[in-house]
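Please open the model in your viewer and keep the selection panel at hand. We will go from stop to stop, with something to select at each.

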Amino acid sequence: QLSGGQQQRVGVARALAADPPVLLMDEPFSAVDPVVRKGLQEELLRIQGELGKTIVFVTHDIDEAIKLGTMVAVLRTGGRLAQYAPPAELLTHPADAFVEDFLGTDRGIRRLSFFGTDELELLTGPIVAVDSTAEQIAARTRADVPYLLVTDLEGRPLGWSDPDGLTPGRIDQDRLLPHGRPFARGESLRAALDCAVLSPTGWAVAVDESGRAAGVVSQQAIGAAIRAAHAEGHKDAADARVAG
C-alpha cells in the first residue's frame, strides 16, 4: 500500500543496497506528481553527494536532466548521440538545430539556474512592520521604490502597499498586495526573476532561513545581475579557448 513516491524511494534503496559501481535509472520519477518528483530529485542529489555513485539517469524531462546531471547526453531518433556536454554548456551552445529545438525556446531562462543571487544588492529600507508608526513609515518611504513591504511582528513578509495607503499603527492586511513567492539567499537568478515576475509590484522578496524578509530587489536590478553573469560567462569561455 505504498504511494508512488514511497515505491520509488524503496526502489532506489534496494538498488543502492547491492553497492553497484554504476547505477542505471530509467525514468524513475516519471509516474509521480511534480511535488513528489521535486522531493525525490533533491533526495537523489543528497544521496549521490554522500555516496559518490556514478548514475546513468534516463529522462525525457530536460529540466530534470539539467538539474540532476553533471553531464547531459542528448540522443536523436534512433539513439544517435547529438550532444554530450555539461548542462550550462548545453544550454549556452547547443550543437545544432535539433538540440536547440529539443531544449525549447526558454533555454535562456533555464540557464539562469546556474547563476547565484549572492551578488544581488538587496534593499532593506522599504520594509515596515505591521505596527509601524507614521514616522517609521515616512522614514522607510523612498522615491525610487513605489511600494513598501509590510511584515508581521516577527519580520515575515505579508504583502506590499503604497505608502499613502498605510494606516499607522494598524495596517489592514486585507488591503495589501500579495508579495508572491519569496526566494532565499543561495537560490538562483532564475528563482529571483520568477519571484519578481510573479509579484504585482515587479519587486522580489528575499527571505532568510527563518522566513524573515532579508530585503527586496527590483526586476531591473535582477536584469543587471543577469547581464553581469552573462558577461562573466562569456569571459570565462573566452579564457578557456585561449588556454586550450
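The tour below starts with the whole chain and then visits sheets, aromatic rings and a core.

**Before we start**

This is a predicted model, in which local features need pLDDT of at least 70 and side-chain atom pairs count only at pLDDT 80 or more, while totals for chains, interfaces and linings use all residues. Residues are numbered from 1 along each chain as its sequence is written, and side-chain values use heavy atoms, with hydrogens and water left out.

**Stop 1: the two domains**

Colour residues 4-103 as domain 1 and 127-224 as domain 2. These bounds come from an automatic or database domain assignment. Between the C-alpha centres of domain 1 and domain 2 there are 37 Å.

**Stop 2: strands 1 and 2**

Helices and strands on this tour are DSSP runs numbered from the N terminus (helices: H or I, at least four residues; strands: E, at least two). Two strands count as paired if DSSP finds at least two bridges between them. Select strand 1 and strand 2: they pair in the parallel sense, with 5 bridges. Val22 is a good place to zoom in, with Thr54 of strand 2 opposite. Now follow the chain from strand 1 through helix 2 to strand 2, a right-handed β-α-β crossover. Right-handed here means that, with the strands pointing away from the viewer, the path from the first strand over the helix to the second runs clockwise.

**Stop 3: aromatic rings**

Next, show the Phe side chains. Rings of Phe, Tyr and Trp (its six-membered ring) pair if their centres lie within 6.5 Å; planes under 30 degrees apart count as stacked, over 60 as edge-to-face and the rest as tilted. How many aromatic pairs does this rule give? The count is 2.

Phe29 and Phe57 make a tilted pair, because their ring centres are 5.7 Å apart and their planes meet at 55°. This pair links distant parts of the chain, 28 residues apart: Phe29 sits in the loop between strand 1 (22-26) and helix 2 (34-51), and Phe57 in strand 2 (residues 54-58). Is Phe29 buried or exposed? Phe29 has 2% relative accessibility and so counts as buried (buried is under 20% relative accessible area, exposed over 50%, partly exposed in between, with a 1.4 Å probe and protein chains only).

Then select Phe98 and Phe102, a stacked pair with 6.4 Å centre to centre and 20° between the planes. They are 4 residues apart in helix 5 (residues 97-103), so about one helical turn separates them. Phe98 is partly exposed at 30% relative accessibility, and Phe102 is partly exposed too, at 38%.

**Stop 4: strand 6 and its partners**

Move to strand 6 (residues 148-151), where both faces are covered: Leu148 and Val150 are buried on one side, Leu149 and Thr151 on the other. Strand 5 (residues 127-129) pairs with strand 6 in the parallel sense over 3 bridges, and Val128 has Val150 as its bridge partner. The route from strand 5 to strand 6 goes through helix 7 (residues 134-140), and this β-α-β crossover is right-handed.

Add strand 7 (residues 157-161), which pairs with strand 6 in the antiparallel sense over 4 bridges. Here Val150 stands opposite Gly159. The two strands form a hairpin with 5 residues between them, and Gly155 in the turn has a positive phi of about 90°.

Stay with Thr151, buried at 5% relative accessibility. Contact means heavy atoms within 4.5 Å. Beyond residues up to four places away in sequence, Thr151 touches several others, including Ile127, Val128, Pro157 and Ala213.

**Stop 5: sheet 8-9-10**

Three strands form an open, mixed sheet in the order 8-9-10. Strand 8 (183-184) and strand 10 (213-218) are at the edges, each with a single partner strand, so one side of each has no neighbour in the sheet. Strand 9 and strand 10 run antiparallel, joined by 5 bridges, and Ala204 has Val217 as its bridge partner.

**Stop 6: the largest nonpolar core**

A nonpolar core is a set of buried Ala, Val, Leu, Ile, Met, Phe, Trp, Tyr and Cys residues joined through side-chain atoms within 4.5 Å. The largest one has 18 residues, and among those with the most contacts inside it are Leu120, Phe183, Leu189 and Ile222. Helix 8 (189-198), strand 9 (203-207) and helix 9 (219-243) each give two or more residues to this core, with the largest share, 6 residues, from helix 8. Centre on Ile222: leaving aside neighbours within four places in sequence, its contacts include Leu120, Ala192, Ala204 and Val217.

Finish at Leu112, in the loop between helix 6 (107-111) and strand 5. Leu112 is buried, at 3% relative accessibility. Leu112 and Leu189 are 77 residues apart in sequence, with 5.5 Å from C-alpha to C-alpha.
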